[in-house]
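Biologist: Can you open the model for me? I'd like to go through how the chains meet.

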Amino acid sequence: MKALVAVKRVIDYNLKARVKSDGSDVDLAGVKMSMNPFDEIAVEEAVRLKEAGVVTEVVAVSIGVAACAETLRTAMALGADRAVLVETAAELEPLHVAKLLKAVADKEQPQLVFLGKQAIDDDAGQTGQMLAALLRWPQATFASKVSVNGGAVEVTREVDGGLETLALDLPAVVTVDLRLNSPRYVTLPSIMKAKKKVIDTLPAETLGVSLAPRTQVLKVSEPKARAGGIKVADVAALIDKLKNEAKVI
Amino acid sequence: MTTLVIAEHDNTSIKGATRAAITAALQVGGDIHVLLAGHQCSGAASTAAGIAGVAKVLVADAPAYAHPLAESLAALVVNLARDYSHVMTGATAVGKNFMPRVAAQLDVAQISDITAVEAPDTFVRTIYAGNALATVKALDAIKVVTVRGSAFEAAGDGGAAAIEPVPEGPAFPAARLVREELTKSERPELTAARVIVSGGRGLGSGENFHLLDKLADKLGGAVGASRAAVDAGYVPNDYQVGQTGKIVAPDLYIAVGISGAIQHLAGMKDSKLIVAINKDAEAPIFEVADYGLVADLFQAVPELTAAL
């Protein structure tokens, strides 16, 4: 079976985003961009299923500007067989991305679609669920374990009280959590090999999806900074502060 | 203008995140209806009817809703949603799971994890792990919104809403629950606790977390953890506080052996008072801590527990 993995190019997770002084957005000029960490886990899972003989082909897909091709090269260096870039300069919201991914899924006919559970830039956590809804497929979000048994996939999910396991008939959409796996390191030979793999570029406008904005960002601002605290000398001083100054205990 | 709030419950009580969503709905204005899907959930229905500000409680009581599966819950909500201006729920694991399905089926955007209501169509939410605040206007006719529980007070009791049954929505047999493995704890729920004692990699082992258990018990608090502690297997994943775990804002957050990575701060930096205990004086956690103690946690935590 074929697995489709959606990957997003985002600010590197080690970096702290800075808000532009005009309050229009965060400043990404000259900032290091990387693959969304959750998406790396999604690629790794698909590649492991291929290595286990469950999946026959792993197709990575990314949506956005031409530079997303770099993110797709990384996905292929991790082991994806080929890639699709849906190219657009439009401001994308999760619903747009889900609709474009549906168009790609309609063409590619995968049995499993893997996505990260959220992107670390917009922190929306919507795209996988929206894609599943548009395809009318079952979904398993926040996956920490995935096993395919014949025509179904069993997914253990991280929920508020602990874990739960679902069985989904294929085809299905799975969004992955951090504990699903540890992505492998990209090696130089795998990067060289990835250069020979194919990226098909599809202009977004050929997919018949309206990208008209559904939300409008009025303002982006810095969160209120916390006032600098103090260091206390010992436990007795800490207890004194908590009791008499902050009065929380 | 009427808001539909989808409730999360345990068949008798209503979750704090739902009460916070009701408070957010009150700020939107207009009437509030609460949808309760469950099985044998009449206790929760009467609790919901008693929440101040709720005008009507819609109850879908059927075996299909004994467990909140996203597919069937979303289908039920979509059947009702077109009569509402707003559809809201708590940004919990359940809410985050089914709500985007509702939005996509309605062909509208979702505004996730809001921290403030500016106007009926304008909301504030955090982006980039809490490093920026975005004020977002929803342009679609139906506003689908999930609400950050720690950012709104829980709606209290004092209401007397009518309870009305609603028919079951379409079934979705392609998804089934196999089993649940829930963490048992006597302590308050992490997202509702007034005090949280959180441990990180510095604890060194799962056994050492008992030091934090004792301190939390003395303070009547909950125990949380950083991702490093969860990944190392010291505690279960549902203890995790951070961008990818739970977002908390207790009165007192005590971070023990936690360095303070961006992703952890995203989950706790709105706490009213932050205390850090760490032997590394340069740890970033000290930049957000109101009171910092540079000390070996294995000495400081027992000493603190004994002195309380």
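Modeller: We can take the interface first and then a strand inside one chain; keep in mind that this is a predicted model.

Biologist: Ok. How many residues does each chain put into the contact?

Modeller: Chain B gives 85 residues and chain A gives 77.

Biologist: And what area is buried between them?

Modeller: About 6700 Å² is buried between chain B and chain A, with 54% of that coming from carbon and sulfur atoms.

Biologist: How many salt bridges between the two chains?

Modeller: There are six salt bridges between chain B and chain A. One of them links A:Arg214 to B:Asp140, with the closest N and O atoms 3.0 Å apart. Polar contacts across this interface number 48 residue pairs.

Biologist: What classes of residue does chain B bring to its side?

Modeller: The side of chain B that touches chain A has 44 nonpolar, 19 polar and 22 charged residues.

Biologist: Which strands join up across the chains?

Modeller: Strand β9 of chain A, residues 162-169, is joined to strand β10 of chain B, residues 175-182. The two run antiparallel, with seven bridges. In that pairing, A:Thr165 is opposite B:Arg179.

Biologist: Switching topic: is strand β1 of chain B buried or exposed?

Modeller: Buried: five of the five residues in β1(B), residues 2-6, are buried. B:Thr2, B:Leu4 and B:Ile6 lie on one side, B:Thr3 and B:Val5 on the other, and both faces are covered.

Biologist: What does β1(B) pair with?

Modeller: β1(B) pairs with strand β2 of chain B, residues 31-38, in the parallel sense over five bridges. Within β2(B), B:Ile32 is the bridge partner of B:Thr3.

Notes: Residues numbered from 1 in each chain as written. Chains lettered and ligands numbered in written order. Predicted model: local features only at pLDDT ≥ 70, side-chain atom pairs only at ≥ 80, totals over all residues. Heavy atoms only, no water. Contact = heavy atoms within 4.5 Å. Buried area = accessible area lost by both parts, 1.4 Å probe. Salt bridge = Lys/Arg side-chain N within 4 Å of Asp/Glu carboxyl O. Polar contact = N/O pair within 3.5 Å; in protein donor to acceptor, adjacent residues only side chain to side chain. Nonpolar A, V, L, I, M, F, W, Y, C, P; charged D, E, K, R; others polar. Pairing = 2+ DSSP bridges. Helix = DSSP H or I, 4+ residues; strand = E, 2+ residues; numbered from the N terminus. Buried < 20%, exposed > 50% of the residue type's maximum accessible area, 1.4 Å probe, protein only.
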